[in-house]
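Please open the structure in a viewer and keep the selection tool at hand. The tour below proceeds from one selection to the next.

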Amino acid sequence: MKPQDLSDYRYHFHGLDKESLKKSLVNLLIYSMGKDHITATHRDWFHTTALAVRERLIERWMETMRSYYRANAKRVYYLSLEFLTGRLLANSLLNLGIYDACCDALADLDLDIHRISELENDAALGNGGLGRLAACFLDSMATLNLPGYGYGIRYEYGMFTQRIDKGAQVEHPDNWLRYGNPWEFPRPEVLYAVKFGGRVVEYTDERGSLRHHWVDTEDVMAMAFDTPVPGFGTDTVNNMRLWSAKASRDFNLKYFNEGNYIQAVAEKNESENLSKVLYPDDTTQMGRELRLKQQYFFVCATLQDVLRRFTKYHANLDELPNEVAIQLNDTHPSIAIPELMRILVDVHHLEWARAWDITRNTFSYTNHTLMPEALETWPVDLFNEILPRHLQIIYEINQRFLDDVRHRVPGEAELVRRVSLIDENAGRRVRMAHLAIVGSHTVNGVSRIHTELMKETIFADFDRFYPGRIINITNGITPRRWLHQANPGLSKLISSRLGECWLKDLACLMSLRPLADDAEFQQEFRAVKRENKKRLAEGIEARTRTKVDPDSLFDVQTKRIHEYKRQLLNVLHVITRYNRIREGRAKDVVPRTVIIGGKAAPGYFMAKLIIRLIHGVADVVNHDPAVGGLLKLVFLPNYNVSNAEKIIPACDLSEQISTAGTEASGTGNMKFALNGALTIGTLDGANIEMQEEVGPENIFIFGLTADGVAEIRQEGYDPWHYYNTNDELRKTLDMIALGFFSPDDPHRFRPLFDNLTDGGDHFLLLADYASYLAAQDQVDDLYRDQEAWARRAILNIAGMGRFSSDRSIQEYAQKIWKVEPVTREQAPAQKS
């Protein structure tokens, strides 16, 4: 058969009905898994089901890629060090519209899809909100028919699996690939060399131009693994391409023949460490070096791949910004800016100004933090050792930028120092956020307050120098994953009244507002919530051996453990509540189950100590007969996407209590509210916009505002004042300091007390404590009236229309990327 004749078979898609799926399942079990129904395990059936779904994705995936070439579409490349995709089986079935058909097909084979789905490992490709946002964005790009590609690293072990041993976090490898990954396609032919170290040789070419040649490098190979990303209610299936590190040679045969087997494979193992784990511990020199190498590794491979695809049909590199949009998700991939300059100047020999114009018009950058200490910087010496040519290019970018600053704003040496790409204080360091801003045509914040504070504080100088470059695009979440999939009971209830329009236009939820006062709808909503809480209570007992009451108020804070997110403030409230109950001061108290989950970075002492304190408090509270069933504290280990899908639908109260001005946006706040939880929080991140959408009476706001935080710090914040003037606070802190929750080691939690007092209480927990407790009292008052609570919960759901990742991506497409949807109508009609 001639190659061109293959097009005749392009559209013979596999059927999506029950019988077609059942036939696929039986055939794949035999011919792909090598099993029959007698010998097959449930894990075999999971892989078989995934392969059956994958067959149907592949056909649409290939046609999607062809349609982009036929339409000569501008493409978006989303570069992110994290993609927290979660499990893909249920998501793919729902997006293809075949979940029920697959359930029925499996049932005919005496199989339960829920049992099979539970055997899928979460892909260990991220840690928190950054990675989950990236995954939501890929889902929305496909749903909106936008030509979007995700690029990242295929971590072999991810960050870590969190286990709790005697109350302490213990990190174990997350071996998520142990049983294989049926969704990915290895591409051994897509292999690129990535260079490190070496030296730079300068020479003059035949035209008299100074050129640079990067030589004597150590090379690592980047191999591609592709995963299809289906949109909802469309045939568009986009691609997520992840890079795995491979040694340039398998091993040194000379050492092997000499019998030195360990040395023979040592270089291979060292090379392949680049894609072993997410976020190596950067408290060591080796860890910092590995982190920088990781970032360059995936960026270098990605740009080679992007340019290969571009040059396949375009000869003029000046056209790159018209055909390619590259989005940098946080500072991690910002080394892509000097890398593209290196390729254009050193490889293609473009003159600097032309190369810079192409580069700057190709990149855009999303900032995710306001805290200066969280803005990534790298020591110049380390940079010079690993990427010597890139450091030269950064110096050149900086020199030209600063010359422009001096020309446009003469006589402001302090301004020059502040905006420089090189921080000259306390050791010379490369400021990656500054590099990303200077090298991008657009920079965006991720909530309105975050963007305003970017312009007013950390990036005020850049906003002055580049007016209009910094814009806002508030984050969003995909309702397909976070309501339709995670909470099928609520999804069906909403669709019974509104139809399914909300799945692709979340603004349709506004039509729920009149139903907030409908007694029948309230009752059905409460029944769904009760069932979700019952399911979670069973899971909590199975995992922690703690029995909780599903009729108690479920108060949830699940997110990365960090001091600015203030899990410790939550614990202070639990201890105060415990004291009130013990002392008989909590009249008509509402029974409450406080649920906390999240991982602490392995080298983050304070965060790990907070986890230890949570367990110490839980051991006391949960076993005190004086408390009875009025209060329980639970820490759920190893928080990930699959666990979130069980926790979020069961939540009554969502804790979003970061210090005002520290959380860029947050997306957990949106997920909880979308599932009918009320929020208690500060005016921080997207909480502000959520308050506007749901109404101030339907959210519990407390604490200092961002302006108030700045003011109290400027006046000279004294945490001892709050300690000395608030009896409940003082008692709570003393219990922590004096070992009430650590009788085996009375000084264990003393560092937390010291940090909140003598240490200055940087995140103002003590300043917000009284206001937080007052808001918690309001929560109790409202929860006693279950009808009023249900009404406000429904109004929260109705107000979440703005917080869809579809809306976010539409704004990126229109304001930043300048890309248009590509639909099947632009392709030949499907053949029968």
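Which residues of the largest nonpolar core touch the most other members? The model in view is a predicted one, and its largest nonpolar core holds 275 residues. Those touching the most other members are Trp243, Phe297, Phe383, Phe401 and Trp817. In soluble globular proteins, nonpolar side chains tend to be buried together.

**Stop 1: Phe383**

Select Phe383 and display its surroundings. Residues up to four places away in sequence aside, Phe383 touches Leu292, Ile335, Trp378, Pro388, His390, Leu391, Ile394, Val430 and Met432.

**Stop 2: the sheet of β12, β14 and β13**

Next, select the three strands of an open sheet, whose order is β12-β14-β13 and whose pairing is antiparallel. β12 (377-379) and β13 (422-423) each have a single partner strand and stand at the edges, so one side of each lacks a neighbour in the sheet. Between β12 and β14 (residues 429-431) there are 3 bridges. To see one pairing, select Pro379 together with Arg429, its bridge partner in β14.

**Stop 3: strand β1**

Move to β1, residues 75-79. Is this strand mostly covered or uncovered? It is mostly covered, with 5 of its 5 residues buried. In a regular strand the side chains alternate between the two faces of the sheet. Display the side chains here: Arg75, Tyr77 and Leu79 point one way, while Val76 and Tyr78 point the other way.

Two strands pair with β1. The pairing with β10 (residues 324-329) is parallel and runs over 5 bridges; within it, Leu79 has Leu328 as its bridge partner. The pairing with β2 (residues 148-153) is also parallel, over 4 bridges, and there Tyr77 is matched with Tyr149.

**Stop 4: Tyr296**

Select Tyr296, which belongs to helix α9 (residues 285-311). Its relative accessible area is 0%, so Tyr296 is buried. Leaving out neighbours within four places in sequence, its contacts are Val194, Lys195, Phe196, Trp214, Ile335, Glu339, Arg342, Leu387 and His390. One of these, Leu387, is 91 residues away in sequence, yet the two C-alpha atoms are 8.7 Å apart in space. Ile335 and His390 also appear among the residues that Phe383 touches.

**Stop 5: helix α22 and its partners**

Now select α22 (residues 567-582) and α31 (residues 765-783), whose axes come within 10 Å and cross at roughly 60°. This angle makes α22 oblique to α31. The crossing of α22 and α31 is right-handed. On the α22 side, the residues that meet α31 include Leu568, Leu572, Thr576 and Arg580; on the α31 side, those that meet α22 include Leu765, Tyr769, Tyr772 and Asp780.

Keep α22 selected and add α29 (residues 727-737). The axes of α22 and α29 also come within 10 Å, and they cross at roughly 105°. That makes α22 roughly perpendicular to α29. The contact involves Leu572, Ile575, Thr576, Tyr578, Asn579 and Arg580 of α22, together with Glu728, Lys731, Thr732, Leu733, Met735 and Ile736 of α29.

**Stop 6: helix α17**

Finally, select α17, residues 448-456. Which of its residues are buried? They are Ile449, His450, Thr451, Leu453 and Met454. Add the elements against which these buried residues pack: β15 (442-445), α18 (460-465), β16 (470-472), α26 (687-694) and α27 (706-715).

Technical notes
Residues numbered from 1 in each chain as written. Predicted model: local features only at pLDDT ≥ 70, side-chain atom pairs only at ≥ 80, totals over all residues. Heavy atoms only, no water. Pairing = 2+ DSSP bridges. Core = buried A, V, L, I, M, F, W, Y, C linked by side-chain atoms within 4.5 Å. Buried < 20%, exposed > 50% of the residue type's maximum accessible area, 1.4 Å probe, protein only. Contact = heavy atoms within 4.5 Å. Axes fitted to C-alpha atoms, helices over the stretch in contact; angles between N-to-C directions. Parallel < 35°, antiparallel > 145°, perpendicular 65-115°, else oblique. Left-handed = near helix turned anticlockwise from the far one by under 90°.
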